[in-house]
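Q: Please take a close look at a single part of this model, one strand together with its surroundings. I would like the geometry with its cut-offs.

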Amino acid sequence: MKTVVIIIIVLLTFSSCNNNKQVKKGNKVNSVNTKAIDSSYFCLEDSITVSFLSKASYKKAIATCRLTLLDQQFILKGHGYMDATQILENYYSREEHERNNIPIRIAKWGSKDEENIIYVWYKKENNEWLPIVAEKYHKSAQF
């Protein structure tokens with residue numbers, strides 16, 4: 001009888017050790033997920049530059065810094081260039097934007113120096129948002 005009790009205790013202890021390993025693995029997975037969630041609120045501001053944003057797709061830019069000050073999509077058709085869209089006048093003729101539905105996305109990030117903001121205008125090509133132009137403005141600039 002003592003032998004059976006000892007065997008049960010050993011098996012329970014062994015089983016408990018295996019469960020602890022699984023819990024540790026589970027915590028490791030959870031810590032990775034938590035880290036990914038935390039990174040959505042973390043911004044690698046050194047990477048948010050006009051040079052980087054003028055080459056990076058929207059998906060890559062958002063992966064680098066999800067903290068946008070503005071993220072807006074619209075169709076450029078039939079209305080004049082106003083406000084922040086004036087810069088698109090250099091990339092699309094008035095006839096072109098009046099004839100076509102051109103999907104545009106504007107994203108705005110704060111810069112590391114906190115004195116400037118960076119606007120990026122994206123166009124949609126092959127289901128991906130690619131940059132048209134990225135420009136830095138002083139944060140008090142008005143369009």
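The request and its answer concern strand β3 and its neighbours.

Q: How does strand β3 (residues 116-125) pair with other strands, how many of its residues are buried, and which aromatic pair does Y119 form with W121?

A: This is a predicted model, in which local features need pLDDT of at least 70 and side-chain atom pairs count only at pLDDT 80 or more, while totals for chains, interfaces and linings use all residues. Residues are numbered from 1 along each chain as its sequence is written, and side-chain values use heavy atoms, with hydrogens and water left out.

The sheet comes first. Four strands make up an open sheet in the order β1-β2-β3-β4, with antiparallel pairing. Strands here are DSSP runs (E, at least two residues), as helices are (H or I, at least four), numbered from the N terminus; two strands pair if DSSP finds at least two bridges between them. β1 (70-76) and β4 stand at the edges with a single partner strand each, so one side of each has no neighbour in the sheet. On average, neighbouring strands of this sheet are turned by 20 degrees against each other, direction ignored; the axes are lines fitted to C-alpha atoms, for helices over the stretch in contact, and angles run from 0 to 180 degrees between N-to-C directions. In general, strands of a sheet pair through backbone hydrogen bonds, either parallel or antiparallel.

On one side, β3 pairs with β2 (residues 102-110) in the antiparallel sense over seven bridges. Y122 in β3 is the bridge partner of R105. The charged end of R105 also sits over the ring of Y58, 3.8 Å from its centre (the criterion is NZ of Lys or CZ of Arg within 6 Å of the ring centre and within 35 degrees of the ring normal). The hairpin of β2 and β3 has five residues between the strands, and E114 there takes a positive phi near 60 degrees.

On the other side, β3 and β4 (residues 128-138) are antiparallel over 10 bridges. K124 has W129 in β4 as its bridge partner, and K123 stands opposite L130 in β4. Two residues lie between the strands of this hairpin, where N126 takes a positive phi near 50 degrees.

As for burial, seven of the 10 residues of β3 are buried (under 20% relative accessible area; exposed is over 50%, partly exposed in between, with a 1.4 Å probe and protein chains only). N116, found in β3, counts as buried at 17% relative accessibility. Leaving aside residues up to four places away in sequence, N116 touches G110, S111, K136, Y137, H138 and K139, where contact means heavy atoms within 4.5 Å.

The structure holds three aromatic pairs. Y119 and W121 form a stacked one, at 5.6 Å centre to centre and 20 degrees between the planes. Rings of Phe, Tyr and Trp (its six-membered ring) pair if their centres lie within 6.5 Å; planes under 30 degrees apart count as stacked, over 60 as edge-to-face and the rest as tilted. Y119 is buried at a relative accessible area of 8%, and W121 is buried at 0%. The rings of Y119 and Y137 have centres 5.8 Å apart and planes at 80 degrees, so this pair is edge-to-face. Y119 lies in β3 and Y137 in β4, so the pair ties together parts 18 residues apart in sequence. Y119, W121 and Y137 form one aromatic cluster.
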